[in-house]
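Thanks for coming. I will go through one structure, taking a turn to begin with, then the strands, and then what sits between them.

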Amino acid sequence: KGAGGRVVAVSPDGKTVAVAERLTVKVQDAATGKELATFEPHEIPKMRFPFPARVAAMAFSPDGKRLA
């Protein structure tokens, strides 16, 4: 977990980084910073919580092919 409400995950081989801020996740090449993919919610749930919705944690699978 990083500063400023960001959550960061690094792939097992260290070549890919995923950065989440609130509900948006950006996957980047670790060496160049080039954006490889962006994931955003299609519809933000309309539930009322006493705190803002956000990604709380994420991790790459051991083979680096999946992000959860």
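Please look at the hairpin made by β2 and β3, where two residues lie between the strands. Arg 22 in this hairpin has a positive phi near 60 degrees. Keep in mind that what you see is a predicted model.

The two strands of that hairpin run antiparallel, and six bridges join β2 to β3. One of the pairs is Thr 16 with Asp 29, its bridge partner in β3.

Following the chain on, β3 also forms a hairpin with β4, and here five residues lie between the strands. The turn holds Gly 33, whose phi is positive, at about 80 degrees. Strand β4 covers residues 35-39, and its pairing with β3 is antiparallel over four bridges. Gln 28 has Glu 35 as its bridge partner in β4.

Now the sheet as a whole. How many strands form it, and in what order? Four strands do, in the order β1-β2-β3-β4, as an open sheet with antiparallel pairing. β1 and β4 are at the edges with a single partner strand each, so each has one side without a neighbour in the sheet. From one strand to the next, the twist averages 15 degrees.

A general point before the side chains: in a regular strand, they alternate between the two faces of the sheet.

Next, the core. The largest nonpolar core consists of nine residues. They are Val 7, Ala 9, Ala 18, Ala 20, Val 25, Val 27, Val 55, Met 58 and Phe 60. Two or more of these residues come from each of β1 (6-10), β2 (16-21) and β3 (24-29).

Take Ala 9 from that list. Setting aside neighbours within four places in sequence, Ala 9 contacts Thr 16, Val 17, Ala 18, Met 58, Ala 59, Phe 60 and Leu 67.

That brings us back to Thr 16, in strand β2. Is Thr 16 buried or exposed? Its relative accessibility is 18%, and the limit for buried is under 20%, so Thr 16 counts as buried. With neighbours within four places in sequence again left out, the contacts of Thr 16 include Ala 9, Val 10 and Ser 11. Val 27, Gln 28, Ala 30, Leu 36 and Phe 60 are also in contact with Thr 16.

That is the end of my part.

Key
Residues numbered from 1 in each chain as written. Predicted model: local features only at pLDDT ≥ 70, side-chain atom pairs only at ≥ 80, totals over all residues. Heavy atoms only, no water. Core = buried A, V, L, I, M, F, W, Y, C linked by side-chain atoms within 4.5 Å. Buried < 20%, exposed > 50% of the residue type's maximum accessible area, 1.4 Å probe, protein only. Contact = heavy atoms within 4.5 Å. Pairing = 2+ DSSP bridges. Axes fitted to C-alpha atoms, helices over the stretch in contact; angles between N-to-C directions.
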